[in-house]
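Grab a pencil and let's work through a few exercises together. Try each task yourself before you read its solution.

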Amino acid sequence: EARQALDRFDRAVAAETRIEPRDWMPDAYRATLVRQIAQHAHSEIIGMQPEANWITRAPSLRRKAILIAKVQDEAGHGLYLYSAAETLGVSREELLDRLHSGRQKYSSIFNYPTLTWADVGAIGWLVDGAAITNQVPLCRCSYGPYARAMVRICKEESFHQRQGYELLLALSRGTPAQHAMAQDAVNRWWWPSLMMFGPPDAESEHSARSMAWNIKRHSNDELRQRFVDICVPQAETLGLTLPDPELRWNEERGHWDHGPIDWEEFRAVLRGQGPCNAQRLEQRRRAHREGAWVREAAAAYAARHGAGGGT
Ligand code: FAQ
């Protein structure tokens, strides 16, 4: 019986049929999805902090309205992804507990500070750009709820990427001080964005299995290369440079070669030693504590009106 279930699962994955919440699936497949989807959801929620830092200081009403909408979208993505993770039989409470206790990760990129207004542009262009490059293939992920969530999330991310690009373009074409601020932001965000794709393939412990299960469709290095190839011409149009003296077009490979990535920095950030790790987690825990009354009120309301609702 177990053998048959596994065969059915393997055939469904090979045939590119979606696995749905009520279908049988191997425990390790379920655990991998919970790990990746939860990390993704946590990233969206923690990822609200760096940009939210600039909402009160946005330079115009138009920029403020756009930024508020973007940060709100990120909250929506987080909630959508927590719901997708919940279809695998884990509660949101448990996932949040794992985040707050440091047992589950969130993306390394959100442990860097947003020092100037131009950082909002660099995050949109580079961080959302990297997120889209990584997430478009996830629209074809074998797990139905995650794949479907990705379709909508990618549409919103591509709007985010364009707003960042447009913001940087305006700064780049502005005064010399604005141009310098845009360049400085790109200098600081470029290398951390390349790290978003994860460790090099040779050190990526989960890639082989996740690719066999059609959760990941491309390796970390493949997607990182795709991102570099997309960014080089965009930087040129922006009138900004990328902070890598070794960037060179490789005719033979048909790709841009880039200089070495500082993997020691990446590992330090994952160990909790990035510039903002402590601040980000503390802020998240505080927001959760301060929201306790909302959860209690919602639970009391549900108890009074019947758990099923609608009565
Ligand atoms: N940061 O074996 P692999 C966004 C961990 S976009 C922290 O290669 P895997 C949008 C990895 O979890 C950002 N940890 O792992 C936004 C594993 O540790 P574990 C979120 C990282 O899963 C924009 C270990 O290293 N996007 O939020 C990182 O096969 C602007 C070994 O690595 C996603 O999560 C990292 N950068 O591949 C929001 C996309 N890289 O779990 C606001 C979905 C690796 O064993 C503002 N996730 N690790 O403890 C994925 O595609 C994959 O999980 C990868 C990693 C590619 C991130």
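**Exercise 1.** How many positive and negative side chains does the protein chain have, and how far apart do the centres of the two sets lie?

*Solution.* Keep in mind that you're looking at a predicted model. Start with the counts: there are 39 positive side chains and 39 negative ones. Then take the centre of each set; these two points lie 5 Å apart.

**Exercise 2.** Work out whether the radius of gyration of the protein chain agrees with that of a compact globule.

*Solution.* Step one: the chain has 311 residues, so a compact globule would come out near 19 Å. Step two: the chain itself has 21 Å, which agrees. For a feel of the outline, the C-alpha trace spans about 65 × 50 × 35 Å along its principal axes. Inside that outline you'll find 13 helices and 2 strands, and 49% of the residues are buried.

**Exercise 3.** Decide whether H42 is buried or exposed, then describe its surroundings.

*Solution.* First, find H42 on the chain: it sits in helix α2, which covers residues 27-46. Next, check its accessibility. Buried means under 20%, and H42 counts as buried because its relative accessibility is 0%.

Now look for neighbours, skipping residues up to four places away in sequence: H42 touches G47, Y82, L95, L99, Q104, K105 and Y106. With Y82 there's something extra, a polar contact between the two side chains at 2.7 Å. Finally, try A75: it is 33 residues from H42 along the chain, and their C-alpha atoms are separated by 9.9 Å.

Note on methods. Residues are numbered from 1 along each chain as its sequence is written. This is a predicted model: local features need pLDDT of at least 70, side-chain atom pairs count only at pLDDT 80 or more; totals for chains, interfaces and linings use all residues. Side-chain values use heavy atoms; hydrogens and water are left out. Helices (H or I, at least four residues) and strands (E, at least two) are DSSP runs, numbered from the N terminus. Buried means under 20% relative accessible area, exposed over 50%, partly exposed in between (1.4 Å probe, protein chains only). Contact means heavy atoms within 4.5 Å. A polar contact is a pair of N or O atoms within 3.5 Å; within protein, one must be able to donate a hydrogen and the other to accept it, and residues adjacent in sequence count only if both atoms are side-chain atoms. The radius of gyration is taken over C-alpha atoms; the globule rule is 2.2 Å times the number of residues to the power 0.38. Lys and Arg count as positive and Asp and Glu as negative; His and the chain ends are not counted. The place of a charge is taken as NZ of Lys, CZ of Arg, CG of Asp or CD of Glu.
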